[in-house]
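The following exchange shows how terms are applied to a molecular model. Please look at the sequence and structure before reading on.

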Amino acid sequence: MAKLKYYQAFNRALREEMARDENVIVLGEDVGESGGIFAQTRGLHAEFGGLRVRDTPIAENGFVSAAVGAAMTGLRPVVEIGFEDFLTCCMDPLVNQAAKLRYMLGGQVTVPLTVYTFGSGGVNAGPQHSQSLGAWFAQVPGLKVVAPSTPRDTLGLFKSAIRDDNPVICLFAKRLIGSSGAVPEEGEDFTLPIGRAEVRREGNDVTIVAISTMVRAALVAAEDLAEQHGIEAEVIDVMSLSPLDAETVIASVKRSGKLAIVHEAHAPCGIGAEVIARVSEQAYGALKAPPLRITPPFAPSPFAPVLEKAYLPDAARICSEIQGKLSDGL
Amino acid sequence: MSKLTVEAARTMHRNMCRIRYFEEAASAKYKDGDLPGFIHLSIGQEACAAGVCATLKASDYITSTHRGHGHCLAKGGDAKRMMAELFAKQAGYSQGRGGSMHIADVSVGMLGANGIVGQSMPLGVGAALTAQVKDSGAVAVAFFGEGASGAGVAHEAMNMAALWRLPLVFFCEVNRYAELSPYETHVPLANVADRAPAYDMPGVTIDGGDAVAVFETMTEAVVRARGGQGPTLLEAKTYRWHGHYEGDPQRYKPEGETEAEMARDPICRLETVLNGSFGVDKAAIETVHRKEKAVIAAAVAFAEEADDPTPDGLTANVYAEGVGV
């Protein structure tokens, strides 16, 4: 296994797919010679040229829609939206166009579009640069949504997204950009299936479902729960928000009987709510305690570091909430 | 100016008649309660669709608006499958999933009517981007109306197309009303095409009721696009004889305006040219009308007899299966 940082895994995935298929193009603000704010597209312009790696004006509505038009006519565009918050500037091409064109046109087209963006908080970026909006898109038929938490998953899921014949929104996390992890060796064509969760830590006492940045926090919390309270938590990284792998969660809850979901997005109508709904529908009798959602308060993400630290869930909060609310009988 | 041939003039005339009879049939069937939903008709605007598409190849692309029946027919769409879609039947182009507002035949380069005003422009940018990246030689035409010209995405699309010198023509059909609002209430300039210099591209305003003018101006824009010289903004001043939607009482139109425009019927104007410049006699012109009426009557009969879609297909084509590469 090689070791790569998150942004390097991202870059490798894109480079491999561009080399593999000449129909793959990259569009977005600063994706060209500059290589991007996080060095995520560094070297691609030099290797594949300006025709396929194209800087755009700051016009998300326009260039995402253009990418939809290109996807309908034979290209496989990969589009960068720098910050996840800016997805709000291209809701029409994503929700009304990309998601529906195949359906509306009776299957006459495919829309193999990949939109990737950097979201989540933890870098003091304030209310308009810290959001986690994945659940919005998980409510739209026709779209797929993934949120990888490790360099390996970034490599595997991003490559699968680019190869998928459907529009896929890839939610990367700013805070994870510099994190390192093991990945398959260069030269190995590594992909991961969209729509499958993975168990990151096994345990039979409580099931913790986590998304993106919260996976690491959940794993740290699980170790603390084991050491301090003798509670063995199973940690599941959902990886794909749509389609959602409820089966992996349900199988775990059937053993543990206790469920906590932790994500940076707000609780109402979120992925946590959906996970609880699926478990309630399909494994109601397995629950031994009310399910628990661990999320930020229903407020925008604050700028002040001291406030943002209090706002975002972390390992200590996950540990104490589970110990306090789900430990009966353990 | 590029010269119009008799073949091209006849093609335009046939398509204009086909569009007229298609739209009239749709209007009548809508009035009878046979067509669900909303329909937006292009009667009076036929010279635009027919003139533009007569300059294109089957491998070229068009993107269209909510008022897209004429564009689809002129690009080579099948009247039967279109009418079946308006009737919400399984035999329709979209198996009854899209309806009038999403009429499309991708096999002839018609990428779809679209229900979101303005989006035909960046979608057209995308089709032109494909042509440029693949070096296919194709061009794209983005139809839009003056109502879309005030949308932010119109600027974004024209800016990108000019910046990247894409093989694209922006074709604005100014039919005088954006939904229920007259041109003057939402466009500050006399001509939409006057905006073209801001994007460093040519802008031309023409009489959209004159099929010959549409054909000749479009021909030059297409040559320019195909030659790698970038996009053009064409504006055709036309007129919508019917309302924004069928059933629209059109109280916003001044008295006598529609009648005055109907007296300048674009089909009659092209017939004058066919007869005067190309020697096509009245009998030949009448034959076209008779044939196209029959084409549309057959389309209506086909649509009326076609089966309804069945609910077991409610989730069909939401996702493409598997991966494409």
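Q: What makes chain B a confident part of the model, in terms of average pLDDT?
A: This is a predicted model, in which local features need pLDDT of at least 70, side-chain atom pairs count only at pLDDT 80 or more, and totals for chains, interfaces and linings use all residues. Residues are numbered from 1 along each chain as written, while chains are lettered from A and ligands numbered from 1 in the order written. On pLDDT, the predictor's confidence in each residue from 0 to 100, chain B averages 97, and 98% of its residues score at least 70.

Q: Why are helix 1 and helix 10 of chain B called oblique to each other?
A: Helix 1 (residues 6–31) and helix 10 (residues 282–305) of chain B pack at about 40 degrees. Angles under 35 degrees count as roughly parallel, over 145 as roughly antiparallel, 65 to 115 as roughly perpendicular and the rest as oblique. The two helices are therefore oblique.

Q: How many residues of chain B are in contact with chain A?
A: Contact requires C-beta atoms, placed from the backbone, to lie within 7 Å. By this criterion, 39 residues of chain B are in contact with 40 residues of chain A.

Q: Which helix of chain B supplies the largest share of the side that touches chain A?
A: Helix 5 of chain B does, with ten residues. Helices are DSSP runs (H or I, at least four residues) numbered from the N terminus, and helix 5 spans 120–134.

Methods
Contact = placed C-beta atoms within 7 Å. Axes fitted to C-alpha atoms, helices over the stretch in contact; angles between N-to-C directions.
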